[in-house]
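Hi,

Here is the structure I promised to pass along. Please open it next to this note, and I will walk you through what turned up.

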Amino acid sequence: MTASTPARSNSRNVLGAPLKVCGCQPMTGWYRNGFCETDPSDQGQHSICCVMTESFLRYSKAQGNDLSTPVPAFQFPGLKPGDHWCVCAPRWKQAYEDGMAPKVCLESTEDTALQVVSLEQLKEHAHQTIS
């Protein structure tokens with residue numbers, strides 16, 4: 001899979017187009033398929049594709065969600081700056097409000113995130129320039 005590979009489902013991104021893969025190294029997503037797709041059983045709503053930064057990883061750890069420490073029992077290698085990861089929409093909103101939100105890959109962020117944050121907020125933190 002590559003960053004331009006479309007999802008195999010009917011999931012849409014926040015721009016209204018087919019959802020693209022977020023990341024596969026490490027494998028991310030609620031379904032661990034590389035896509036930030038969710039369903040009602042995903043209470044965290046892992047729908048926002050983010051590019052990890054050292055400051056966000058520190059912030060997340062301080063909030064009780066350590067994403068940088070490996071957990072071999074769950075085959076989780078720990079994240080490092082530059083990794084792409086599906087972040088919970090409410091956690092991203094909290095980071096946004098605290099001035100700590102990481103960059104967002106809009107094409108890989110599921111449209112369900114718009115139930116929690118606005119498209120304008122996401123565009124403020126867009127990883128790449130959009131037209």
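A good place to begin is helix 2, residues 89–97, which lies across strand 1, strand 2 and strand 3 and runs at about 90° to strand 2. Please keep in mind that this is a predicted model.

Now for the sheet itself. Its three strands make an open sheet with antiparallel pairing, in the order 2-1-3. Strand 2 (84–88) and strand 3 (103–104) are at the edges and have a single partner strand each, so one side of each has no neighbour in the sheet. Strand 1, residues 46–51, runs antiparallel to strand 2, and five bridges join the two. If you would like a spot to zoom in on, find His 46, which stands opposite Cys 88 in strand 2.

Next, the aromatic rings. How many aromatic pairs are there? The count comes to three. One of them is formed by Phe 56 and Tyr 59, with ring centres 6.3 Å apart and 35° between the planes, which makes the pair tilted. Both residues belong to helix 1 (residues 54–62), where they are three residues apart and so separated by about one helical turn.

Are these two side by side with solvent, buried or exposed? Buried means under 20% relative accessible area. Phe 56 has 1% relative accessibility, so it counts as buried. Tyr 59, with a relative accessible area of 9%, is therefore buried too.

Happy browsing, and do write back with any questions.

Best wishes

Methods:
Residues are numbered from 1 along each chain as its sequence is written. This is a predicted model: local features need pLDDT of at least 70, side-chain atom pairs count only at pLDDT 80 or more; totals for chains, interfaces and linings use all residues. Side-chain values use heavy atoms; hydrogens and water are left out. Two strands pair if DSSP finds at least two bridges between them. Helices (H or I, at least four residues) and strands (E, at least two) are DSSP runs, numbered from the N terminus. Contact means heavy atoms within 4.5 Å. Axes are lines fitted to C-alpha atoms, for helices over the stretch in contact, and angles run from 0 to 180 degrees between N-to-C directions. Rings of Phe, Tyr and Trp (its six-membered ring) pair if their centres lie within 6.5 Å; planes under 30 degrees apart count as stacked, over 60 as edge-to-face and the rest as tilted. Buried means under 20% relative accessible area, exposed over 50%, partly exposed in between (1.4 Å probe, protein chains only).
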